[in-house]
Amino acid sequence: MMAVTSKQLSEADPIDVTRCEAKSDRVLAKLHMDERLLAAASKSVTGDRVWFALRAVHRSELDLCRTLDDSDVDAVVPVREVQGGRRLGSRASRVVHKPVLAGLVFVNIVPSSEAFQGLLRVRTAQAFIGTGEGPHPIGNREMNSFMDLAQKGAFDERNTPAGLKVGSRVRIPVGPFADFHGVLEGYAPGRPARVRTMLFGQELLVDVMLAHLEKLE
């Protein structure tokens, strides 16, 4: 192994820390900006509050909701009970809680461009449900009805009847997509039905329990 002499150390080029400091400053500036924008969506902001649906990355709805809650943002993910696998050494199936509408976190905020930007800068957030004109607001009556049904267990797997067929024309009677019409794309035991509907001229796939779909003639 080659030894390093004191002469070699004294003749070595000095380490330029300017770039490292600049990068660190940029990271800190971004963090401060993220915090400032997210604060615009917090519960402390006064004004008329509105519900919006925020799409999360795959299977991260609950993680995103917890992150927003830690940042004092009013966020909720209505859940339903489904039967999971059996616990080791147990004959009974365990109950698992899953989002009623997969991929969506609902936030109640005072609308502003800063609040929307702050929410979208959270790592597991993807986009708002809406159009090029902006996020689509959800009425308090529809949202409260939807959450009330979820709390009462209306979407739980044990309350989900069969009967609809793939390709059936259906109506969504409750929740944030109440009164939307669409086509049943498919479903599987223990999972919500997938419905293809239209929102502001764009196709959208939403997950809805079979128990809360009405077949259209």
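This section describes a four-stranded sheet, its packing helices, the aromatic pairs, the salt bridges and one loop residue of a predicted model.

The sheet is open and consists of four strands in the order β2-β5-β1-β6, with antiparallel pairing. Its edges are formed by β2 (75–76) and β6, each of which pairs on one side only. Strand β1 (residues 50–56) is joined to β6 by three bridges, and the two run antiparallel. Within this pairing, Arg 55 is placed opposite Ala 127 of β6. The pairing of β1 with β5 is likewise described by bridges: six of them connect the two strands in the antiparallel sense. Here Val 50 has Ile 109 of β5 as its bridge partner. Five of the seven residues of β1 are buried, so this strand is largely enclosed by the rest of the structure.

Two helices are placed against the sheet. Helix α3 (residues 61–70) lies across β1, β2, β5 and β6, and its direction is at about 20 degrees to β5. Helix α4 also packs on the sheet, where it touches β1, β5 and β6. The angle between the directions of α4 and β6 is about 145 degrees.

Aromatic side chains form five pairs in the model. One of them joins Phe 106 and Phe 146, with 5.8 Å between the ring centres and 70 degrees between the planes, an edge-to-face arrangement. This pair links distant parts of the chain, as Phe 106 belongs to strand β5 (residues 104–109) and Phe 146 to helix α5, 40 residues apart. Both partners are buried: the relative accessible area is 1% for Phe 106 and 2% for Phe 146. The rings of Phe 177 and Phe 180 also have their centres 5.8 Å apart, and because their planes stand at 70 degrees, above the limit of 60, this pair is edge-to-face. Phe 177 is buried as well, at 5% relative accessibility. Elsewhere, ring pairs connect Phe 52, Phe 116 and Phe 128 into a cluster.

Seven salt bridges are present in the structure. In one of them, the side chains of Asp 34 and Arg 121 meet at an N to O distance of 2.4 Å. Asp 34 is located in helix α2 (residues 18–39) and Arg 121 in the loop between α4 (113–120) and β6 (125–128), so the contact ties together parts that are 87 residues apart in sequence. Asp 34 has a relative accessible area of 14% and is therefore buried, the limit being 20%. Arg 121, at 36% relative accessibility, is partly exposed.

Another salt bridge is formed by Arg 194 and Asp 207, whose closest N and O atoms are 2.9 Å apart. Since Arg 194 lies in strand β11 (residues 193–199) and Asp 207 in strand β12 (residues 202–208), the pair ties together parts that are 13 residues apart in sequence. Arg 194 is partly exposed, with 37% relative accessibility, whereas Asp 207 is buried at 8%. The side chains of Glu 203 and Arg 196 meet in a further salt bridge, with an N to O distance of 3.0 Å. Glu 203 is exposed at 54% relative accessibility, while Arg 196 is partly exposed, with a relative accessible area of 29%. In addition, salt bridges link Arg 171, Asp 179 and Glu 214 in a network.

The remaining site is Ser 168, which is situated in the loop between α5 (140–151) and β9 (169–172). Ser 168 is buried, as its relative accessible area of 9% falls under the 20% limit. When residues up to four places away in sequence are not counted, Ser 168 touches Gly 182, Val 183, Leu 184 and Lys 215.

Terms used. Residues numbered from 1 in each chain as written. Predicted model: local features only at pLDDT ≥ 70, side-chain atom pairs only at ≥ 80, totals over all residues. Heavy atoms only, no water. Buried < 20%, exposed > 50% of the residue type's maximum accessible area, 1.4 Å probe, protein only. Contact = heavy atoms within 4.5 Å. Phe/Tyr/Trp six-rings, centres within 6.5 Å; stacked < 30°, edge-to-face > 60°. Salt bridge = Lys/Arg side-chain N within 4 Å of Asp/Glu carboxyl O. Pairing = 2+ DSSP bridges. Axes fitted to C-alpha atoms, helices over the stretch in contact; angles between N-to-C directions.
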